[in-house]
Amino acid sequence: MAENQPAPGKPRVLVARRVPPNVAARAREMFDAIVTETDMDADTALRVIREERIAGLFSGPKVKFTAAHAAAMPDGLKVIANPGAGFDHMDVEAAKARGIVVTNAPDVVTDCTADLALMLILNASRRAREYDRVMREGWRKPYGMPDLLGLRPSGKTLGIVGMGRIGQAVAQRARGFGMRILYNNRRRLSPELEQGAEYVADLHDLLRRSEILSLHLPASAGTGTLMTRERFALLPQGAVFVNTARGSLVDEDALIEALKSGQLFAAGLDVFRKEPDFDTRLAELPNVFLTPHVASATVDTRDAMGFRTLDNIAGVLSGRGAIDPV
Ligand code: 8YV
């Protein structure tokens with residue numbers, strides 16, 4: 001762990017996960033910051049918070065704070081700031097009950113997450129994994145008209161579950177590819193936000209009509225497993241399934257069965273029930289395109305996430321209030 005010298009007048013902040021150099025530099029400018037060099041878990045973060053009299057925490061998915069951690073927080077800790085959209089890794093209510101403000105950083109991850117969802121839709125539909133393997137194995141055998149055929153995304157019906165910021169950004173991109181958009185959401189959007197997308201209030205109706213399905217809803221205790229065996233069976237035969245939201249939304253046994261049986265033509269997955277030690281049976285299937293939870297992993301977006309997180313901490317510690325309280 002690299003430690004800054006305390007700067008008089010600046011609040012003590014712990015950056016408990018590794019961050020890009022620009023974010024580390026800004027953290028040290030804005031605060032009397034301890035910037036970790038290895039990603040901390042919840043126990044380590046709590047110990048440093050207590051020992052170093054930390055007022056603001058820059059957290060991350062490995063810092064899985066439970067109610068017990070929240071109970072052990074010192075009164076001096078005022079804010080736990082998460083750098084992504086999701087905060088399902090921690091017990092938010094328990095922290096709030098201790099008077100700690102919890103924040104996330106939703107806007108800044110929207111474009112990159114939507115880009116990656118499109119990347120997964122295209123790569124899964126167009127068999128990118130198999131084409132890439134053929135080339136790396138030296139090709140040599142010609143492919144003719146009936147061979148190695150994918151699915152054409154244009155003209156297909158894309159079902160979006162969760163039409164928040166990311167869902168809307170996926171719809172905007174998919175329109176450019178000539179897809180027809182359906183969406184399921186807790187509430188219907190205004191026509192300006194719908195941009196021609198059709199609201200389908202019943203999830204099962206949406207599933208029956210979605211030739212490509214992409215998940216963009218937050219995972220919470222209330223959501224549980226959205227994609228069960230029964231729900232995969234509702235999709236049209238040969239559908240494409242994409243998940244950039246959370247692995248906990250999906251029954252992965254049911255997903256693997258659907259991929260093997262041909263109920264699904266292909267899947268594109270960035271998130272898994274267990275990360276990073278995901279179910280490697282998925283990697284044995286040729287019709288799955290896999291990425292290791294990297295939707296927000298661009299230079300620009302990771303900097304923006306870090307800066308927004310620091311701004312949230314500064315908002316709380318200065319008394320102005322958080323920009324993104326959850
Ligand atoms: C990563 C994300 O978790 O925004 C989210 O919810 O899943 C991602 O951005 C990132 O590591 C943020 O902590």
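**Figure 1. Phe-272 and its tilted ring pair with Phe-278.** In this predicted model, Phe-272 has a relative accessibility of 7% and therefore counts as buried, the limit being under 20%. Phe-278, at 26% relative accessibility, counts as partly exposed, because this value lies between the limits of 20% and 50%. A pair of aromatic rings is described by the distance of the centres and the angle of the planes. The structure holds three aromatic pairs. Phe-232 and Phe-241 form one of them, and Phe-272 and Phe-278 form another. The ring centres of Phe-272 and Phe-278 are 5.2 Å apart, and their planes stand at 55 degrees, so this pair is tilted.

**Figure 2. The edge-to-face pair of Phe-232 and Phe-241.** The centres of these two rings lie 5.2 Å apart. Their planes stand at 85 degrees; angles over 60 count as edge-to-face, and the pair is therefore placed in that class. Phe-232 is buried, with a relative accessibility of 2%. Phe-241 is also buried, and its relative accessible area is 0%.

**Figure 3. The largest cavity and its lining.** Rolling a probe the size of a water molecule over the atoms shows where empty space is left. The structure holds one cavity of 30 Å³ or more, and the volume of the largest cavity is about 30 Å³. Its lining consists of Asn-243, Gly-247, Val-250, Glu-252, Leu-255, Leu-269, Val-271 and Phe-272. By class, five of the lining residues are nonpolar, two are polar and one is charged. Phe-272, shown in Figure 1 as a buried residue, is thus seen here among the residues of the lining.

**Figure 4. The residues around the ligand.** The shell around the ligand is formed by Arg-17, Pro-61, Pro-83, Gly-84, Ala-85, Gly-86, Val-109, Arg-246, His-293, Ser-296 and Met-305. This shell comprises five nonpolar, four polar and two charged residues.

**Figure 5. Polar contacts of the ligand.** Which residues of the shell place a backbone atom beside an oxygen atom of the ligand? A polar backbone atom of Ala-85 is 2.6 Å from a ligand oxygen, and a backbone N or O atom of Gly-86 lies 2.7 Å from an oxygen atom of the ligand. His-293 contributes through its side chain, in which an N or O atom is 2.7 Å from a ligand oxygen. On its own, the ligand has 320 Å² of accessible area, of which the protein covers 85%.

Methods:
Residues numbered from 1 in each chain as written. Predicted model: local features only at pLDDT ≥ 70, side-chain atom pairs only at ≥ 80, totals over all residues. Heavy atoms only, no water. Near = heavy atom within 4 Å. Polar contact = N/O pair within 3.5 Å; in protein donor to acceptor, adjacent residues only side chain to side chain. Areas by Shrake-Rupley, 256 points an atom, 1.4 Å probe, with all protein chains shown as cover. Nonpolar A, V, L, I, M, F, W, Y, C, P; charged D, E, K, R; others polar. 1 Å grid on protein atoms, 1.4 Å probe; cavity = no way out; pocket = protein on both sides within 12 Å on 5 of 7 lines; lining within 4 Å. Points joined across faces, edges and corners; volume = space filled by probe spheres on them. Phe/Tyr/Trp six-rings, centres within 6.5 Å; stacked < 30°, edge-to-face > 60°. Buried < 20%, exposed > 50% of the residue type's maximum accessible area, 1.4 Å probe, protein only.
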